[in-house]
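Trainee: I've got this one up on screen and would like to talk through its metal site. Can we take it piece by piece?

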Amino acid sequence: MISLLDTGLTENWNGIWVVLSLSVAVLSSYLSFILVGKKGQTRRGQPRVYRIAAGLLLGTGTWLVHVMSLYSYHRRISLHYDPLIAASAFVIVSLSAYIMFRLFVKQQPVTSRLAGAVYGFGVTVMSALGVLSLRPGIVVGVNPIIGFFSIAIIFISAYFALYVLGNFRQSAGFALSQPVAALILGAGIFTAQHIVLGALRVDGMRSLAAVLGYTGLPASYFVTGASVLVTLILAVTWTFMVFERRMLKQIAFLDPLTGLRNRYALAEESDRRMLEDRLGSMVLINLDRFKIINDTLGRDLGDQLLAHAAHRIRTQIQEREALFRMDGDEFLLVGLEKDPELLLHRVNGMLHEIGRPYMIEGNELYVTASAGISLYPAHGQDRSSLLKAADAALYQAKSSGKDKTVFFNAGIGGQLTRKMELEKDLRLALEHGQFFIVYQPKWDARLGREVGFEALLRWRHPEKGVVSPGEFIPIAEETGLIVPMTRWMLGEVCRQSKRWQDEGKFRVCISVNMSYRVFESMTLFQMVDEALRSSGLPGSMLELEITESIAMKNMAITLSQLQQVRDLNVRVSMDDFGTGHSSLGRLDEIPVDTLKIDQSFVKNSDLQSKQALIVGIIGIARLLDLEVVAEGVETEEQAEFLLSRGCILMQGYYYGRPMLPEDVEAGTWRINAPSIGTGTAARHAD
Ligand code: C2E
Ligand code: MG
Ligand code: MG
């Protein structure tokens, strides 16, 4: 019994075959790692087909290396294989490779350690079967030490290859991890398969007989067959990859609801080129108050409305124009048109189309839309700055009353920049102590004295000076910063109020404005409770001002939170009454103590229509047994009128502007706070 390598029939070291089999080992490892590393782009993760292909690829490669390594030493004799045993060897090694990848992608430490061992085992069985399938059966024994050594190599190389592949997956070295792992595994397969030949013990006579030729499939069949198989697997996988990418691209860039391209498509290579080609103007169209439709009629109906509206815009677009659905109810039209007049005419036409009634599931729906337009190159040289400009113009259209078209201009740009700067600085304002509070008296015009104060927030910006709440409160609401700001405000106001009470200066209730965000955050009770406790102020000396829109936004959570604070004896007033979404129908359910007549009514109280509204509100308050306060009282005439209709509580510049605590204490403002009908008014009029 001699070593196979010593039969004299081998050509020790046939260079070309060695290089070839090493390349096959490394390449099949590399390609299979690429397939396994390919992230699934669908929601369900990596498609199984990649793992199957990877398993087959590595299995075929390993089997091929096995055959080639024998072949490289044995070219002089015609080696034959038993096809059945050879095939099962191939199946086993492919299966083990597949299982290895399956375990590996699970990314659990235990399974990935096991993964390499499964493949090592598969290769061992394949090698044993491969040798058994040799015809004639020349192998009569195995050198256990060399055999073990060869098996160990495959186990170790598989382990390290997977280690490299797994551990550098997330790191910057990811690009290198696949080729390095492939080199490790490829070298392992190659070395193990060549060493194993040295372990085989053959019968010299029988191997001589092999020269004469025996039945079975010649090894060259396997080499050719396996090569064809590898090519086939690669071709099928590649086709699948291309197909998948195309399909996913379509899905990713198409909005299923409207059939329009979505905003991701805007950044897409081909769309980008197309857009740059057609840049003349950008029109952003946004439906007005769409959220209300969605909230009240349900998302299904909202979706249908959107689809219809999109269709209507679509019918208006011309050749060489592109329409995208950006976000929710926002559409972008990109076209060559640069003439402002023509554009305005066309866009208004679109808004008109959108505004026609919709019949959806038996509901007749109406919706308006606003549009913002930017022109190339005046408002931006590229896609992104044009889009920003159109967005700013749209914002302007919305904030100036909706249902209109606005062209971008430098003023709008300035406003937007200021808003962005304020937003950035607002984040630090609380920390840096830039807020302060002013107090505006509420005056009882009959008794001629203050009956309360409204606390109003101010922001002293280090560069921009004092910013009004009308400007920063909406930003604070958008960003959610209003919640910590309100907490701070409540704490400060309660402390101030308690101090005034203790010093015997003012024993009146002070009100603080609330934002819907505070209700959303569900922290109102905790905030109020904390402020009252830490200051020692009785709850009855604090009032919260809510608006109709807060009350109506989410009635259930608002009411329960209001009830909780009322249990602390805290009062509640309805600010700007008559201007919000009408809460009239459910006013009796909202726990309030006071209605505040909005200043827009008071300002125009010389108009009969506004007078009628004021009288109506006073009547409602009386019926529901609520207090009524008129806001924004600036003149004696306004005060006289209000008083004559039974409204005696007033707030406005006529009685006192919002002031710093020290100015409130100084009391000089009282001179300008006349009590009508007691002679003070007459003094003031002088
Ligand atoms: P509001 O609650 O309706 O407050 C009344 C606003 O009218 C105040 O403006 C006040 O200065 C102003 N005002 C009072 N009397 C007159 C008058 O005779 N004529 C005119 N033209 N205006 C008068 P301000 O302080 O600029 O506040 C504006 C709005 O900002 C407030 O309206 C309120 O909604 C909000 N706000 C102010 N402080 C806070 C706050 O701490 N938290 C929250 N959430 N909102 C606040
Ligand atoms: Mg208020
Ligand atoms: Mg108000």
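Mentor: Sure, and keep in mind that this is a predicted model. Let's begin with the bridging residue.

Trainee: Okay, which residue bridges the magnesium ion (ligand 2) and the magnesium ion (ligand 3)?

Mentor: The two ions lie 3.9 Å apart. Glu454, Asn513, Glu545 and Asp575 are the protein donors of ligand 2, at 2.0 to 2.2 Å. From that set, the residue bridging to ligand 3 is Asp575.

Trainee: How are the donor residues of ligand 2 spaced in sequence, then?

Mentor: Going along the chain, the donors come as Glu454, Asn513, Glu545 and Asp575. Asn513 belongs to strand E18 (residues 509–513) and Glu545 to strand E19 (residues 542–547), so that pair ties together parts 32 residues apart in sequence. Written out, the spacing is E-x58-N-x31-E-x29-D.

Trainee: Is Glu545 buried or exposed?

Mentor: Look at Asn513 beforehand: with 28% relative accessibility, it counts as partly exposed. The cut-off for buried is under 20%. Glu545 has a relative accessible area of 1%, so it is buried.

Trainee: And which residue in E19 stands opposite Ile510?

Mentor: E18 is largely enclosed by the rest of the structure, because four of its five residues are buried. Strand E16 (residues 449–461) pairs with E18 in the parallel sense over four bridges, and there Phe453 has Ile510 as its bridge partner. E18 and E19 also run parallel, joined by four bridges. In E19, the residue opposite Ile510 is Leu542.

Conventions
Residues are numbered from 1 along each chain as its sequence is written. Chains are lettered from A and ligands numbered from 1 in the order in which they are written. This is a predicted model: local features need pLDDT of at least 70, side-chain atom pairs count only at pLDDT 80 or more; totals for chains, interfaces and linings use all residues. Side-chain values use heavy atoms; hydrogens and water are left out. Donors are N, O and S atoms within 2.8 Å of the metal (3.2 Å for Na, K and Ca); water is not among the atoms, so sites may look incomplete. Helices (H or I, at least four residues) and strands (E, at least two) are DSSP runs, numbered from the N terminus. Buried means under 20% relative accessible area, exposed over 50%, partly exposed in between (1.4 Å probe, protein chains only). Two strands pair if DSSP finds at least two bridges between them.
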